[in-house]
Amino acid sequence: MGMFRKLAQVALVGGALTLVVACGSDGGPAASGPVGVPAAGDEAADAGTGANGDECGRLPANEVAEVIGPNDGGQHDYALGGCIWTASAGPKDGIVEAVSATVLPKEQYEAVADAGGPVSGSADDATYNDIHGELWFPCRGGDFCGIKVSISDPDRRKDAALRLGKVLQGKV
């Protein structure tokens, strides 16, 4: 039952984000930027993403490429908000490698995060879920920052999440 509730909440958040993004533009030339990155001056998109309109700018391209190699450059993550970078090389050991970065209000964090146990090497009160490669920590005035690293090498997953978490922490 708990899993169904979590999936329903994720679907509601994703649907709301989709609606906000769809309503944030008239589809004209100013909306021609990459998905999740509003065009300059697009205040409706800035207000609607929950990520200050630049969620894919939170991690430098070289940092993401170091973890997953060549990738799509980042797209809006409709499941968690924020941005997801997906490796362009295709599946590796059955996994399409990806990195996600997001900042969520506490209520959304509690509804969707797979927070694990305490972890050192990151922000105070950070948690890491080894199964899902998710690092979460409090940031920016009560919000929670999250990094999810989906890579085929479990030995590198935690180190990559901690390293990218430090980068994200410095950006928010």
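Strands β3 (residues 98–104) and β7 (residues 143–150) pair in the antiparallel sense over 7 bridges. The model is predicted. These two strands belong to an open sheet of 7 strands, with antiparallel pairing and the order β1-β2-β3-β7-β6-β5-β4. The edges of the sheet are β1 (75–76) and β4 (117–118), each of which pairs on one side only.

**Strand β3 and its partners**

- On the β7 side, T102 of β3 has G146 as its bridge partner.
- Strand β3 also pairs with β2, again in the antiparallel sense, over 4 bridges.
- In that pairing, the bridge partner of I84 is S100 in β3.
- Strand β3 is mostly covered, with 7 of its 7 residues buried.
- A98, S100, T102 and L104 point one way from β3, while V99, A101 and V103 point the other way; all are buried.
- In a regular strand, side chains alternate between the two faces of the sheet.

**Helices across the sheet**

- Helix α3 (residues 61–68) lies across β2 (83–86), β3 and β7, and runs at about 135° to β3.
- Helix α5 lies across β3, β5 (127–129), β6 (134–139) and β7, and runs at about 145° to β7.
- P154 is found in α5, which covers residues 154–171.
- P154 has a relative accessibility of 47% and therefore counts as partly exposed, since that class lies between 20% and 50%.
- The C-alpha atoms of P154 and I131 are separated by 8.9 Å, and the two residues are 23 apart along the chain.

**The largest nonpolar core**

- The largest nonpolar core has 27 residues, and those with the most contacts inside it are L59, W85, L135 and I147.
- Two or more residues of this core come from each of α3, β2, β3, β6, β7 and α5.
- Helix α5 gives the largest share, 5 residues.
- Leaving aside neighbours within four places in sequence, L135 is in contact with V119, S122, A126, T127, Y128, C145, G146, I147, A161, L162 and G165.
- In soluble globular proteins, nonpolar side chains tend to be buried together.

**The other core and its aromatic residues**

- Apart from the largest core lies another core of 8 residues, among them L80, Y109, W136 and F144.
- Y109, W136 and F144 form one aromatic cluster.
- The structure holds 2 aromatic pairs.
- One of them joins Y109 and F144: the ring centres are 3.9 Å apart and the planes are at 0°, so the pair is stacked.
- Y109 lies in helix α4 (residues 106–112) and F144 in strand β7, so this pair ties together parts that are 35 residues apart in sequence.
- Y109 counts as buried because its relative accessibility is 13%.
- F144 is likewise buried, with a relative accessible area of 14%.
- Both classifications follow because buried means under 20% relative accessible area.

**Points that connect the topics**

- Strand β7 pairs with β3, gives two or more residues to the largest core and holds F144 of the stacked pair.
- Helix α5 lies across four named strands, β3, β5, β6 and β7, and gives the largest share of the largest core.
- G146 is the bridge partner of T102 and is also among the residues in contact with L135.
- I147 is one of the residues with the most contacts inside the largest core, and I147 is in contact with L135.

Notes: Residues numbered from 1 in each chain as written. Predicted model: local features only at pLDDT ≥ 70, side-chain atom pairs only at ≥ 80, totals over all residues. Heavy atoms only, no water. Buried < 20%, exposed > 50% of the residue type's maximum accessible area, 1.4 Å probe, protein only. Pairing = 2+ DSSP bridges. Contact = heavy atoms within 4.5 Å. Axes fitted to C-alpha atoms, helices over the stretch in contact; angles between N-to-C directions. Core = buried A, V, L, I, M, F, W, Y, C linked by side-chain atoms within 4.5 Å. Phe/Tyr/Trp six-rings, centres within 6.5 Å; stacked < 30°, edge-to-face > 60°.
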